[in-house]
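Work through these short exercises with the model open. Try each task before reading its solution.

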Amino acid sequence: MAFIKRLYERFASLVHELAKFGSIGAIAFVLDTGIYNLFLLGLEWGPMTSKVIATTISATFAYVGNRFWTFRHREQSGLTREYFLFFLLNGIALLFGLLVIGFTKYTLELHDGLSLNIANLVGIGFGTLFRYWSYKKWVFMEATEPIPVELPKTEVRQDR
C-alpha cells in the first residue's frame with residue numbers, strides 16, 4: 001500500500017493535469033464530432049469543410065478550458081502569444097484529421113457517413129496526442145516561480 005501511495009504522490013500533478021486535459025478534451029470531442037456531423041450529414045457540406053469548421057469551434061472552447069483550468073498553474077506568457085501558438089498547433093493537428101479524412105474519401109473512395117466518421121475519430125486521436133505534447137512544450141509552459149497554493153497570511157491588528 002505504501003508503494004501505491006508513493007507512486008501516486010510522485011505522479012499526482014500529472015494525473016490531475018491529464019484528468020483536466022481529458023475532461024476538456026472530451027467536451028471538445030463532443031463539440032467537434034457533433035458539429036462535424038451537423039455540417040456533413042445534416043447540411044450535406046463536404047467532409048473537409050465540415051472538419052475545418054468543427055475544429056475551429058472546438059479548438060476555441062479547448063483553448064479557454066485549458067488556459068483557465070487545465071494549465072492555469074503554468075506560466076502565462078501573454079494571451080496573444082499563447083492564442084497564436086495554440087491555434088498554430090491546432091492547425092497542425094487539424095492536418096492529421098484532414099489527411100485521414102481525405103485519404104478515406106479520395107484514396108479509398110469511401111463516401112458514407114460511417115467511414116468518414118471513423119476517419120474523423122482516427123484523425124482526432126492522432127491530433128490529441130500531438131496537442132497534449134505540444135501544449136505542454138510550447139503553449140502552457142512550466143512556471144518559473146512557484147505559484148502560491150493559498151493567499152499569504154496577514155497580520156490582524158486589533159486596536160484596543
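**Exercise 1. Helix length**

What span should the 29 residues of α3 have at 1.5 Å a residue, and how far apart are its end C-alpha atoms?

Solution. Note that this is a predicted model. The expected span is 1.5 Å times one less than the number of residues. For the 29 residues of α3 that gives 42 Å. The end C-alpha atoms of α3 are 40 Å apart, which agrees. Now step past the helix. Just after α3, Glu-109 has a positive phi of about 55°.

**Exercise 2. A pair across two helices**

Classify the ring pair of Phe-96 and Phe-130, and locate each residue.

Solution. Start with the method. A pair of aromatic rings is described by the distance of the centres and the angle of the planes. A search of the whole structure gives three aromatic pairs. In one of them, Phe-96 and Phe-130 have their ring centres 5.8 Å apart. Their planes meet at 55°. Planes under 30 degrees apart would be stacked, and over 60 edge-to-face. The pair of Phe-96 and Phe-130 is therefore tilted. Next, find the residues. Phe-96 sits in helix α3 (residues 79-107), and Phe-130 in helix α4 (residues 113-139). They are 34 residues apart, so the pair links distant parts of the chain.

**Exercise 3. Buried or exposed?**

Assign Phe-96, Phe-130 and Trp-133 to their accessibility classes.

Solution. Buried means under 20% relative accessible area, and exposed means over 50%. Phe-130 has 17%, so Phe-130 is buried. Phe-96 has 31%, so Phe-96 is partly exposed. Trp-133 has 45%, so Trp-133 is partly exposed too.

**Exercise 4. Extending the pair**

Which class of pair do the rings of Phe-130 and Trp-133 form?

Solution. The ring centres of Phe-130 and Trp-133 are 6.2 Å apart. The planes stand at 50°, so this pair is tilted. Both residues belong to helix α4. They are three residues apart, about one turn of the helix. An α-helix has 3.6 residues a turn, so residues three or four places apart point the same way. Now join the pairs: Phe-96, Phe-130 and Trp-133 make up one aromatic cluster.

**Exercise 5. The largest pocket**

How much space lies in the largest pocket, and which element gives the most to its lining?

Solution. The largest pocket holds about 340 Å³ of space. Its lining has 23 residues. Closest to the centre are Gly-25, Ala-28, Ile-124, Thr-128 and Arg-131. Two or more lining residues come from each of α1 (2-42), α2 (47-70), α3 and α4. With eight residues, α1 gives the most. Sort the lining by class last: eleven residues are nonpolar, nine polar and three charged.

Methods. Residues are numbered from 1 along each chain as its sequence is written. This is a predicted model: local features need pLDDT of at least 70, side-chain atom pairs count only at pLDDT 80 or more; totals for chains, interfaces and linings use all residues. Side-chain values use heavy atoms; hydrogens and water are left out. Rings of Phe, Tyr and Trp (its six-membered ring) pair if their centres lie within 6.5 Å; planes under 30 degrees apart count as stacked, over 60 as edge-to-face and the rest as tilted. Helices (H or I, at least four residues) and strands (E, at least two) are DSSP runs, numbered from the N terminus. Buried means under 20% relative accessible area, exposed over 50%, partly exposed in between (1.4 Å probe, protein chains only). On a 1 Å grid over the protein atoms alone, a cavity is a set of points where a 1.4 Å probe fits but cannot get out, and a pocket is an open set with protein on both sides within 12 Å along at least five of seven lines; lining residues have an atom within 4 Å of a point. Grid points are joined across faces, edges and corners, and a volume is the space filled by probe spheres set on the points. Ala, Val, Leu, Ile, Met, Phe, Trp, Tyr, Cys and Pro count as nonpolar, Asp, Glu, Lys and Arg as charged, and the others, Gly among them, as polar.
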